[in-house]
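Visitor: I'm new to this one and would like a close look at a single part. Could you pick a spot where helices meet and walk me through it, then show me what lies around it?

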Amino acid sequence: MSFNYNHVKDAYERIQKYLPTTPLEEAFYLGDDNKKYFFKLESMHKAKSFKIRGALNKMLTLTKEEMDRGVAAISSGNHGSSVSYAASLLGITNVKIIVPKTTPQSKIDKIQHFGGEAIRLGDHYDETHSLGTEFIKKHQLTYIDAYYSDHQIYGGQGTIAIEIVEQNNEIDTIVVPIGGGGLITGIAVAAKAIKPDIRIIGVQTEACPAMIKSYEDNIFYEVYPSGESLCDALVGGIGKLSYELAKDYIDDFIAVSENSIAKAVSFMAKKEKFVVEAGSCTTVAAVMDYRERIGGNNVALVLSGGNIDGEVLTYILSNY
């Protein structure tokens, strides 16, 4: 069965007793008399990332035998800590997170804080993914997908749309960052089922516009080269399921510059008083640069996470 709104509704029923609803806060400075903007603060999860939704939903569908054998993820950041956190909520004790050897210690610390074991394999993400896949098969662990094609992962991410509409039924546009595509695809499918006329806008960094280029070139870019970027959570290729579905549900795709993203991070911290990661701030940058193109009168901006590196934040606040 192809991914659809039922996957999102089922996910919502599973996870809502484990996770608090994240705030939908109106912006003080971004809007005006004609347009209101609302921040969907996925950065307020305990693991500071929306990825807890999909990871938890997936793990809640596992059998007791699968839970006892353990779970694993391949990640360079937010997904790994979210899988560790979800496992801790469910009492799963065997949790392996395979990370690149270059992963900062701060990210390792967060994985370990929630009870996961970080295993360094590979010099870069593609190599880590290859070696990690072999490791997971060898140890018969259940793989918790980050974004590729698992309906349970996409369903969990889509629960954000249900919350947004319940929190403010006047929302007419939702702006979402795009990395692998699981977040925006889940949200788009759910939002369009609830409010068919709602507009969904996807935003990528110009340093790695993998989704945009996939549709321009009519090629599924499972791997995509990235320029230097502040948005470590958004670089790389896109998921197969997202590539197959997103074009039918997303109304527009926008690419924003790294300079605009840095300005948005600074704006959010200095003016709106929210510390969020650069990838999340692509949505804010899109409003700053393309307000009329985005349109809408009541616009929700999904701020997907708050795990910004301290040194990066210090640099941005000092220079923008």
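Guide: Let's start with α1 and α2, whose axes come within 9 Å and cross at roughly 90 degrees. That crossing makes α1 roughly perpendicular to α2. Keep in mind that you're looking at a predicted model. On the α1 side, the residues to find are A11, R14 and I15, and they meet R53, L56 and N57 in α2. Sort the residues of this contact by class and you get three nonpolar, one polar and two charged.

Now stay with α2, because this helix, residues 51-59, also packs with α7, residues 151-167, at an angle of about 130 degrees. Here the axes are 7 Å apart. How do the two helices lie relative to each other? An angle of 65 to 115 degrees would count as roughly perpendicular and one over 145 as roughly antiparallel, and α2 and α7 are therefore oblique to each other. Their crossing is right-handed. From α2, the residues taking part are K51, R53, G54, A55, N57 and K58. They meet Q152, I153, G155, G156, Q157, T159, I160 and E163 in α7. By class, this contact of α2 with α7 has three nonpolar, seven polar and four charged residues. If you were following R53 and N57, you'll have seen them in the contact with α1, and here they are again in the contact with α7.

Step back along the chain from α2 and you reach the loop between β2 and α2, where K48 lies. What is the phi of K48? It is near 60 degrees, a positive value in a residue other than glycine. For background, most residues other than glycine have a negative phi. K48 has a relative accessible area of 37%, so this residue is partly exposed.

Going further back, look for E26 in strand β1, residues 24-26. E26 touches K36, Y37 and F38, leaving aside residues up to four places away in sequence. E26 and K40 are 14 residues apart along the chain, and their C-alpha atoms are separated by 9.0 Å. With a relative accessible area of 38%, E26 is partly exposed.

Back at α7, there's another neighbor to follow: α7 is among the elements that cover the buried residues of α8. The others include α1, β7, β8, α10 and β10, and α1 is the helix that met α2 at the start. Is α8 mostly covered or mostly open? It is mostly covered, with 11 of its 13 residues buried. The buried ones are G182, L183, I184, T185, G186, I187, A188, V189, A190, A191 and K192. You can check the length of α8, residues 182-194, too: at 1.5 Å a residue, its 13 residues should span 18 Å, and the end C-alpha atoms are 18 Å apart, which agrees.

One more stop brings in α10, one of the elements covering α8. In the loop between α9 and α10 you'll find N218. N218 is not a glycine, yet its phi is positive, about 55 degrees. At 64% relative accessibility, N218 counts as exposed, whereas K48, back in the loop before α2, is partly exposed.

Notes: Residues numbered from 1 in each chain as written. Predicted model: local features only at pLDDT ≥ 70, side-chain atom pairs only at ≥ 80, totals over all residues. Heavy atoms only, no water. Axes fitted to C-alpha atoms, helices over the stretch in contact; angles between N-to-C directions. Helix = DSSP H or I, 4+ residues; strand = E, 2+ residues; numbered from the N terminus. Parallel < 35°, antiparallel > 145°, perpendicular 65-115°, else oblique. Left-handed = near helix turned anticlockwise from the far one by under 90°. Contact = heavy atoms within 4.5 Å. Nonpolar A, V, L, I, M, F, W, Y, C, P; charged D, E, K, R; others polar. Expected span 1.5 Å × (residues − 1). Buried < 20%, exposed > 50% of the residue type's maximum accessible area, 1.4 Å probe, protein only.
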